[in-house]
Amino acid sequence: MALLTPEDLANMTNALVENDRLITELTDYSLDGLCREIYDTAPHNEKIAIIPITAGNGIIGSFSESLLFTVKHFGMDGFITENTDVAGYYEAVMKGADIILMADDLAYIAHNLKNGKIAHNQICTGRIYAEILCHAKDYADDKDVLVIGLGKVGTPAVETFLKEKQNVYVFDVDSKRVDEVVSNYPVFKYDPNDSKTPKSFFKIFEATPCADTICEDVLKQNSLVSTPGIPCGISGELIEKYGIRIVLEPLGIGTLSMLYAVF
Ligand SMILES: NC(=O)C1=CN([C@@H]2O[C@H](COP(=O)(O)OP(=O)(O)OC[C@H]3O[C@@H](n4cnc5c(N)ncnc54)[C@H](O)[C@@H]3O)[C@@H](O)[C@H]2O)C=CC1
Ligand SMILES: N[C@@H](CCCCNC(=O)[C@H]1CCC=N1)C(=O)O
Ligand SMILES: [Mg+2]
């Protein structure tokens, strides 16, 4: 699993606010409003405990603080436990936490102790970044969407696009993975090297750990790129040249999606 670094999180608070503004401009929903719409849930003063976990590569600087910023920014009640790991879990429950947020190197989860619901960051991230494209007003009539990266985030995005009746074109450098997805889902294989069928898209989703995965050929003027992938998959030069609007934020958008998934 690709781990965040403190550098990835350095500008997270600004990125969350800027992306929320862009999402509102694109969809007429605030990020919060879009989560309420897609999950049909709402917060009810839940107490949210964030537990730092030392397993594996250990604590990531400002990871817990970024979660606390997200919780408070959307008006919810949260705290970071003083203890880590199991002692932190005990502290959270003793302090009356309703929802636990915690992450090791393999999974980042939200668990609602009151209703039993549990959510996984990769699934909820794929879902929310896909729903942003599905709710984009400008391209409501264009059902074509390109998904680059068919991993633990990209696959839930494919499922979300299909649920929202999009025409889904998929690409991944791992051709075995492409074949797997094309045989399991009613989607089209997009082959960037097949010049016979060049295709560009107004709506592009990317979830890979690589840069420059979105090449010029797939872009239209003013295309929308919704990409949880880190680092950013499209170059600043192409963003400029094609007037691309891009939804990209390292942790907060996915976290809010997780919370609405367990309310
Ligand atoms: N912004 C956020 O809130 C979050 C961001 N992420 C990031 O999203 C990215 C994807 O995460 P996962 O799906 O868990 O990873 P994963 O490893 O499960 O999937 C990545 C997929 O991208 C494919 N890929 C790699 N290089 C490629 C290229 N050049 N062109 C096309 N496909 C390529 C791989 O073959 C793989 O199938 C990671 O960078 C991760 O850090 C993950 C969770 C939340
Ligand atoms: N154990 C550490 C947190 C480790 C998080 C690793 N997972 C990621 O970086 C995922 C989450 C979203 C994007 N990548 C701590 O408690 O400080
Ligand atoms: Mg995010």
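The questions and answers below concern a predicted model of a protein with a ligand.

Reader: What makes Lys152 a polar contact of ligand 1?

Author: A polar side-chain atom of Lys152 lies 2.9 Å from an oxygen atom of ligand 1. The cut-off for a pair of N or O atoms is 3.5 Å, and 2.9 Å is within it, so the pair counts. Lys152 is also listed among the closest residues around the ligand, together with Val153, Asp172, Ile230 and Glu249.

Reader: Which backbone atoms make such pairs with a nitrogen atom of ligand 1?

Author: Pro228 has a polar backbone atom 3.1 Å from a nitrogen atom of the ligand. For Val173, a backbone N or O atom is 3.4 Å from a ligand nitrogen. Both distances are within 3.5 Å, so both pairs are polar contacts. Of the 870 Å² that ligand 1 exposes when taken alone, the protein buries 84%.

Reader: What kinds of residue surround ligand 1, and which element gives the largest share?

Author: The shell holds 25 residues. They divide into 13 nonpolar, eight polar and four charged. Helix H6 (residues 121-134) gives the largest share, three residues.

Reader: How do you know that Thr27 is buried?

Author: Its relative accessible area is 4%. Buried means under 20%, so Thr27 qualifies. Thr27 belongs to helix H2 (residues 12-27).

Reader: Which backbone atoms does the side chain of Thr27 pair with?

Author: A polar atom of the Thr27 side chain lies 2.7 Å from the backbone oxygen of Ile23. The backbone nitrogen of Tyr29 is 3.0 Å from a polar atom of that side chain. With a limit of 3.5 Å, both pairs count as polar contacts.

Reader: Why is helix H10 called largely enclosed?

Author: H10 covers residues 252-262, and 10 of its 11 residues are buried, so the rest of the structure largely encloses the helix. The buried residues include Gly252, Ile253, Leu256, Met258, Leu259, Tyr260 and Val262. For each of them, buried means a relative accessible area under 20%.

Reader: Which residues touch the most other members of the largest nonpolar core?

Author: They are Leu101 and Phe161, in a core of 61 residues. Helix H6 gives the most to this core, with seven residues.

Reader: Why is this core said to lie between domain 1 and domain 2?

Author: Domain 1 (6-120 + 254-262) and domain 2 (123-249) both give residues to the core, so the core lies between them.

Technical notes:
Residues numbered from 1 in each chain as written. Chains lettered and ligands numbered in written order. Predicted model: local features only at pLDDT ≥ 70, side-chain atom pairs only at ≥ 80, totals over all residues. Heavy atoms only, no water. Near = heavy atom within 4 Å. Polar contact = N/O pair within 3.5 Å; in protein donor to acceptor, adjacent residues only side chain to side chain. Areas by Shrake-Rupley, 256 points an atom, 1.4 Å probe, with all protein chains shown as cover. Helix = DSSP H or I, 4+ residues; strand = E, 2+ residues; numbered from the N terminus. Nonpolar A, V, L, I, M, F, W, Y, C, P; charged D, E, K, R; others polar. Buried < 20%, exposed > 50% of the residue type's maximum accessible area, 1.4 Å probe, protein only. Core = buried A, V, L, I, M, F, W, Y, C linked by side-chain atoms within 4.5 Å. Domains from an automatic or database assignment.
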